[in-house]
Amino acid sequence: MRVALFVACFNDALFPGTGRAVTVLLERLGHEVVFPPGQTCCGQMHWTTGYQREAADLARRFADVFGGHDAVVTPSASCAATVRAAYARIARAVGDAELERAADGLAVHELSEFLVDVLGVTDVGAYFPHRVAYHPTCHSLRTLRLGDRPLRLLRAVRGLELVELPAAEECCGFGGTFALKNADVSVAMVADKVRHVRGTCADVLCAADNGCLAHIGGALSRLRGGVRVMHLAEILAATGAPAAAGRP
Amino acid sequence: MTGGSSAGGRDSSAGPVPLPMPKFAAAARTALADTGLRRDLRADAAALRRRREAAAGELGDWQELREAGRAIRDETLLNLDAYLERLEKSVTEAGGAVHWAADAAEAARLVTGLVRATGQGEVVTAAVPAAREIGLHDALAEAGVTVHPTDLAELVARLGGGRRPAARPAPPAFHRDRARLRELLARLPDAPPDLPDDPAALAAAARDHLRRRLLSARVAVCGADFMVADTGTLVLLESEGNGRAAVTVPDTLICVAGIDAVVPTWSDLEVLLQLLPRSATGDRMSPAVSTWTGVTPGDGPRELHLVLLDNGRTAVLADEAGRAALRCVRCSACAHVCPVYERTGDEPYGPRGGGPIGAVVTPLVEGVESAAHASLPYASTLCGACADVCPVKIDIPGLLVHLRGAVVESRRRRPVPTPELVMMRSAAWTMGEQGRYEAALRSGARWARLLSRGGRIRRLPGLLGKWTEARDLPAPPAGGFRGWWRARPRSGGAR
């Protein structure tokens, strides 16, 4: 299958390992990965902060870049949710019927959905001998309704010990620009998330979105919390062989 | 005014609004530092979430009920004018009087005038959700009327116990530990000096005090959760029974309710009565549900006044996207699951009420010109927990985003652009073309590496400094994803 990767601008800039992992993983499963180089940002930050016109410009651009592809995969749950749940609203907010039609034709999948629902695999042949906790991000949980798909993928990883995260369904306090506009409340929220994460004694906290992971991981790092954060894709790409991490 | 309304300015249901409202983030800082408040809110949230989930979960058709509730509320709002006329007619025919208040000041004036007309210097209040919205207690105090609130949570708040829970109908002093409750109730003038801290004794002490107030009351002010248009029946849900006494014992009953509390028929009420208590307190039915229609000679109040409050509600109806917010039946379920509310409580949201729905309704009604009102739609991570529990399916995150759009559009009209607008525009411009975007990635990575130490950035300049107040940021590795992709041995695809 030919799969177009939407890496998401946040990952493009800060977490290149996640895009590498998705590529390596999908190729290992026998699929062809293409990377449309004109891709930039889906417009999520502009939309959720109230900048409808700018969000619409970016949505149109996204639809142009990814419109022709049968399958678009992204390792960002919140970007997948933006394209699938918000683009129609963006189009209506700015009165752009053409964008609404274009958005309807986009086939954007979050990675775990693509693996489980489209490819029908849960065992992706990964090996990751660590204690791992999974944080279901709000977009994963309540917009995309990923349910237990990420957990099924993690349970099939050899060597991996999955531990339950208490109060997992509670938001980490990131919320995009919320983390800046309401920094104090945001920090109060992540403090509790960090407490729960550390309580699991996990080595690694994983999620389907690097936005939330940057937030929780940023707090863990500041506190020297001793827990690493990793995107789900990076765990699924790991096989124990050094090359599998996809570094050049 | 008896005791406590100025106690730390925390008397949330009736407190004055003397100063311009601060922005949410500033008010939230104060709340976040209040350890007692944080503990109470946490305990409330945990208990009420658990109870709501159990109460909703035991019904096989909860989702169908929610859908029915949504449909009833939408249809009512669509024909609100007709239902209000029908309500006025029914109430009047049953012997009550209907008064229309366009805004908070008029409502307060009306109630004060009605109380004065009775010649009484004292009133009891029971379950008046609009009290804070219209500044009721202050208005009555200014008119020289002594107010005796009769719900336990309000009593405890007035004795110095801080906030009362937002839930309607409120669970009685839900969040208090009993040692603290004993300490507060011991301050009652008629409390026994050796008051023990067991729940029965505490309840008895409060009951003795409140009962004396209620039995001697000549005038009562209460709220209504619903008003049935067909019959003119007012419906009040509560946990303690004080409301039942307040609507039964006095000679004059003054009921204050928002125009959105109208329901067309008793069968509509049946649906909402299943949704509201389960959502609010996790009760299958509220312990006391009072329904009363007009006046009945020789039984109950001789005079019934219904003050119908608009105060911006019809303006909200005119906003096609925003009108869904008026479906709200004030159960507070959205507040109980909100991770922001759990840490800040009601206060930072302003006098119209807190939680996610408050962050929607206040800017819808008041507009978004003031910085404080404009800050409310941003007082949410958009986590979506509220939308999942709302018994009438209000898409609260969607409304918050809609309002954020209104905030930004209003700022665009200002002669000098805000720094945020400049930043957002330039970000969108950068993202608008591949070359500009890739150049920005490269220069961003260079800056980030300059700012980083040991792979992490501990201090960022400007607005982004808010992030690094408490969180690190990883330094991006050289080359980024695109560098790796281009350098790949078999980089197929589009490059």
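**Fold and selected residues of chains A and B**

With a relative accessible area of 0%, B:T76 is buried. This description rests on a predicted model. The residue B:T76 belongs to helix α3 of chain B, which runs over residues 62-78. When residues up to four places away in sequence are set aside, B:T76 touches B:Y83, B:V262 and B:P264.

A second buried position of chain B is B:A31, for which the relative accessible area is 3%. The cut-off for a buried residue is under 20% relative accessible area, and B:A31 therefore counts as buried at its value of 3%. Helix α1, formed by residues 24-32 of chain B, contains B:A31. Apart from residues up to four places away in sequence, B:A31 touches B:L37, B:R38, B:R343, B:T344 and B:P348. From C-alpha to C-alpha, B:A31 and B:S286 are separated by 30 Å in space, and by 255 residues in sequence.

The third position considered in chain B is a glycine, B:G405. Helix α19 of chain B, comprising residues 396-412, holds B:G405. Its relative accessibility is 2%, so B:G405 counts as buried. Outside the residues up to four places away in sequence, B:G405 touches A:G50 and A:Q52. These two contacts of B:G405 are thus with residues of chain A. The pair B:G405 and B:G119 is 286 residues apart in sequence, and the C-alpha atoms of B:G405 and B:G119 lie 50 Å apart in space.

The overall organisation of chain B was examined next. Its secondary structure consists of 23 helices and 13 strands. Chain B has 495 residues, of which 56% are buried. Along the principal axes, the C-alpha trace of chain B extends over about 95 × 55 × 50 Å. Two domains are assigned in chain B: domain 1 covers residues 7-313, and domain 2 covers residues 436-487. Between the C-alpha centres of domain 1 and domain 2 of chain B there is a distance of 52 Å.

Contacts and surface complete the description of chain B. Among its contacts with a separation of 6 or more, 74% join residues 24 or more positions apart. The exposed surface of chain B is about 20300 Å², and carbon and sulfur atoms contribute 55% of this area. Chain B carries 64 positive and 57 negative side chains, and the centres of these two sets are 12 Å apart.

Chain A contains 13 helices and 8 strands. For its 248 residues, a compact globule would be expected to have a radius of gyration near 18 Å; chain A has a value of 18 Å, which agrees with that expectation. A box of roughly 50 × 45 × 30 Å, taken along the principal axes, is filled by the C-alpha atoms of chain A. Of the 248 residues in this chain, 65% count as buried.

Among the contacts of chain A with a separation of 6 or more, residues 24 or more positions apart account for 80%. The accessible surface of chain A is about 8600 Å², and 50% of that surface belongs to carbon and sulfur atoms. There are 25 positive and 25 negative charges in chain A, and the mean positions of the two groups lie 5 Å apart.

Two loop residues of chain A were considered for their backbone angles. Most residues other than glycine have a negative phi. In A:A167, by contrast, phi is near 50°, a positive value in a residue that is not glycine. The loop between β6 (161-163) and α10 (178-181) of chain A includes A:A167. This alanine, A:A167, has a relative accessible area of 42% and is partly exposed. Partly exposed residues fall between the cut-offs of under 20% for buried and over 50% for exposed, which means that A:A167, at 42%, belongs to this intermediate class.

A positive phi is also found in A:C201, where the angle is about 60° although the residue is not a glycine. The position of A:C201 is in the loop between α11 (183-199) and β7 (204-207) of chain A. The relative accessibility of A:C201 is 53%, and the residue therefore counts as exposed.

Notes:
Residues numbered from 1 in each chain as written. Chains lettered and ligands numbered in written order. Predicted model: local features only at pLDDT ≥ 70, side-chain atom pairs only at ≥ 80, totals over all residues. Heavy atoms only, no water. Helix = DSSP H or I, 4+ residues; strand = E, 2+ residues; numbered from the N terminus. Rg over C-alpha atoms; globule rule 2.2 N^0.38 Å. Buried < 20%, exposed > 50% of the residue type's maximum accessible area, 1.4 Å probe, protein only. Contact = heavy atoms within 4.5 Å. Areas by Shrake-Rupley, 256 points an atom, 1.4 Å probe, with all protein chains shown as cover. Lys, Arg positive; Asp, Glu negative; His and termini not counted. Charge placed at Lys NZ, Arg CZ, Asp CG, Glu CD. Domains from an automatic or database assignment.
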